[in-house]
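Please open the structure in the viewer and keep the selection tool at hand. The tour proceeds stop by stop.

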Amino acid sequence: MLGGLGSVVAALVFLDPGTTYGPAETVRHGLFQVVSIVTTTGYATVDFDLWSPAAKHVLFVGMFLGGMAGSTTCSIKLVRWLVVIKAFRRDLFTAVHPEAVRPVRLSGQAVDEKTVRDVYAYTLISLLVFFAATVFVVADAARVGADVGEFEAMGAAASTFLNIGPAFGAAGPFGSYASFPASTRVVMTGLMWVGRLEVLPVAVLLTPAFWR
Amino acid sequence: MTAVPSAAVRVDGRASLSLLGRVVKWLAAALVAPAAVAVYYAEWRSLGAFAATAVLALLAGLALERLDPDPDLGAREAFLMVGLTWLAAALVGALPYVLVGQGTVAAPVNALFESMSGFTTTGATVMGDISFSTHSRSIMLWRQLTQWLGGMGIVVLAVAILPELSVGGAQLMDAEAPGPGLEKLTPRIAETARALWKLYAAITVLEIALLYGLHLGNLAPNMTFYNAVAHGLTTMPTGGFSPEARSIEAFSAAVQWIIVPFMIAAGTNFALFWYVLKGQPRRVLRDAEFKAYLGLMGVLTAIVAGLLFTDPNLAAHPEVGPIAGDVESSLRQGVFQTVSIVTTTGYATMNFNDWGWTAKYLLLAAMLVGGSAGSTGSGIKIVRWLVILKSLRRELFTTVHPEAVRPVRLGGRALDERAIRGIYAFTLLYLAIFLVGTALVMLDASRVGLALSGFEAMSATAATLGNVGRGFGIVGPMDGYLPFPPTTKLFMVSLMWLGRLEILPVLVLLTSAFWRS
């Protein structure tokens, strides 16, 4: 998976007339940035903010993948996406064969239906939090008159919520988040907290059922 | 040899194609309306195009019908038939644009885009010059009519009028109907289909009468009878095509106010109207989705109208005059655009590209909400979001109380866990297609050197997948999808198709399990 994404980015960077790294450099930079983003590390060997929009978008999508469960990475995690994809395929199968009973299997083991639902719920809620955070970043920047583009806002929201670090634009790999208004930075602090604990433990604290 | 269970048999493509033939044959009949308009305005070239299309549709329909004189319908045949019907309708609908040869829609890819956008009630246009100086009145009417036919569903209409579809009709309607599950109003499915179409037609006629009434009452000078019919035909299907280049902005405030309740009605579950007519109006008030639908639009309208009222950049707008500081104007612009986007209609009373970022993002978010189940609206649908919210709350509760068994309830009824999982899967799949689609649109645009921002690409993808039609920037409410390369247009044609049929019926056609025996 990392290899595939790395080659896509390398190819896009190589084809971009705006960058002149040469073949070996291109592969190194492409792979390094992809691995850094997907594993939610956040290192950078080059200012990828200068890359073409297409390459930046692939990196952006990479933000949502995350490393493996049980690793030190954050984001949504590959195993969740695997379960989601397998469950989709199962649902398509049962749509055609309504009478079939077919559990979702991961490495040969059947995955509990409740777990499948939880994985769905977690992935969905992550996307929703990300979207709401983006809207907030844009709105808050507009309030104080700061110039934050929509892609920058999306990148910054994803990067803080998914615990990656650098994003695009002002918050690029060689930039910082200092240009965002204080209120946005407070919300981003909250996003990092919520993201690191994978949403649920924080959300539970906000329900009345927890305190009663 | 013993009888094999249906699942073990290969999908019967002939049965699906034969039923498809019956629908295509009847599409020829739908061409009578624009043909009559062509005669009235003496547009002979257009008349020829409609006649040629009708003959071709009739011949193709009859040929397909002969494939299987007595088609048997199973689950797979139903999916195949519904999927193909919408593709075939788009192809037949594209023919008149090509044959008439007026303007940009004469190019085959553009014609297919316009036709798919019509039938799926998207309202995204690739017409370069939307005016009668380029296009005949009859072809414009055909453009409006495709939306009206697609609104309540071509297959639902077929079930209503074709007796051979009364068996297996429920499966067909389920594959086509918006929202999870189909509400049977009457014991016989053909009667349900007829009831839905009658209601739909009646409300359309009422709107046409009111719009024309405004014209007669001197409140809408340019709402001629033609325009009244044209807009009646595209409000109720939540379509959004308008023969006016500047959409509803071209009309008076009275017209704009009148259209709002009809858009709201179009985004409402049609079963609710049926209950009102049957003397059970309390079922409407008890309906959880309806309450959420009205509540959501109310809150969004209040926020958007507030933002418009206080936006210093809207103090004097070149096209629509002052909005900021004007209560009526900011309320009207706020409610119209909000309702138009939530119901996936896509009309506009102003170029909302001129709004502030917050208001624009709210509209983009609204695109992902969608209308009610059982309405003519598209998108993810309110009821799905309701179930997701309730299920998430349940999840939080059971985390604190792991021993608690607590079903998710909607309108007092406990929901099946399988249905909840299905709703999660659909919503997630929808968002995934939206994100991947956005990336593909961006990539294709950068390939041909078309300047497209991420926000524009997101809105264009959400607007085609959600059958809304209008986005931001270059695909704004007063612009169209013409600048996109043909590859993107074809991709969007498939997005509209996927969105209208709610993904699953199209996606199963791509699985190997569907075609294997």
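The stops below cover one chain, a pocket of its residues, the contact between two chains, and some sites in the second chain.

**Stop 1: chain A as a whole**

Please bear in mind throughout that this is a predicted model. Select chain A and colour it by secondary structure. Nine helices and two strands make up its elements, and from the N terminus they follow the order α-α-α-α-β-β-α-α-α-α-α. Along the principal axes, the C-alpha atoms of chain A fill a box of roughly 55 × 50 × 30 Å. Chain A has 212 residues, of which 53% count as buried. Among the contacts in chain A with a separation of 6 or more, 58% are between residues 24 or more positions apart.

**Stop 2: S75(A) and its surroundings**

Select S75(A), which is found in the loop between α3 and α4 of chain A. Is this residue buried or exposed? S75(A) counts as buried, because its relative accessibility is 4% and the cut-off for buried is under 20%. Next, display M63(A): its backbone oxygen is 2.7 Å from a polar atom of the S75(A) side chain. Neighbours within four places in sequence aside, the residues in contact with S75(A) are T40(A), M63(A), F64(A), L65(A), G66(A), Y122(A), L162(A) and E198(A).

**Stop 3: a cluster of rings in chain A**

Keep F64(A), one of the residues in contact with S75(A), and add F48(A), W51(A), F60(A), F130(A), F151(A) and F168(A) to the selection; ring pairs link these residues and F64(A) into a cluster.

**Stop 4: where chain A touches chain B**

Now show both chains. The contact draws on 40 residues of chain A and 44 residues of chain B. The size of an interface is often given as the accessible area lost when the parts come together. Here the area buried between chain A and chain B is about 3800 Å², with carbon and sulfur atoms giving 79% of it.

How many salt bridges does the rule find across the interface of chain A and chain B? There are four. For one of them, select R117(A) and E417(B): the two form a salt bridge whose closest N and O atoms are 2.5 Å apart. The rule also finds two residue pairs in polar contact across this interface, both at pLDDT 80 or more.

To see the side of chain A that touches chain B, select α3 (53–63), α4 (78–96), α5 (113–144), α6 (150–161), α8 (200–205) and α9 (208–211) of chain A, the elements that give two or more residues to it. Of these, α5(A) gives the most, with 17 residues. Coloured by class, this side of chain A shows 26 nonpolar, six polar and eight charged residues.

**Stop 5: two tryptophans in chain B**

Over all chains, a search of the whole structure finds 32 aromatic pairs. For one of them, select W148(B) and W197(B): their arrangement is edge-to-face, 5.2 Å centre to centre, with 80° between the planes. The pair links distant parts of the chain, since W148(B) belongs to helix α6 (residues 137–151) of chain B and W197(B) to helix α9 (residues 189–216) of chain B, 49 residues apart. W148(B) is buried at 16% relative accessibility, and W197(B) is buried with a relative accessible area of 8%.

**Stop 6: R188(B)**

Finally, select R188(B), in the loop between α8 (169–176) and α9 of chain B. R188(B) counts as exposed, because its relative accessible area is 54% and the cut-off for exposed is over 50%. Add A170(B) to the view: R188(B) and A170(B) are 18 residues apart in sequence, and their C-alpha atoms are 9.0 Å apart in space.

Note on methods
Residues are numbered from 1 along each chain as its sequence is written. Chains are lettered from A and ligands numbered from 1 in the order in which they are written. This is a predicted model: local features need pLDDT of at least 70, side-chain atom pairs count only at pLDDT 80 or more; totals for chains, interfaces and linings use all residues. Side-chain values use heavy atoms; hydrogens and water are left out. Contact means heavy atoms within 4.5 Å. Buried area is the accessible area (1.4 Å probe) that two parts lose on being put together, summed over both. A salt bridge is a side-chain nitrogen of Lys or Arg within 4 Å of a carboxyl oxygen of Asp or Glu. A polar contact is a pair of N or O atoms within 3.5 Å; within protein, one must be able to donate a hydrogen and the other to accept it, and residues adjacent in sequence count only if both atoms are side-chain atoms. Helices (H or I, at least four residues) and strands (E, at least two) are DSSP runs, numbered from the N terminus. Ala, Val, Leu, Ile, Met, Phe, Trp, Tyr, Cys and Pro count as nonpolar, Asp, Glu, Lys and Arg as charged, and the others, Gly among them, as polar. Rings of Phe, Tyr and Trp (its six-membered ring) pair if their centres lie within 6.5 Å; planes under 30 degrees apart count as stacked, over 60 as edge-to-face and the rest as tilted. Buried means under 20% relative accessible area, exposed over 50%, partly exposed in between (1.4 Å probe, protein chains only).
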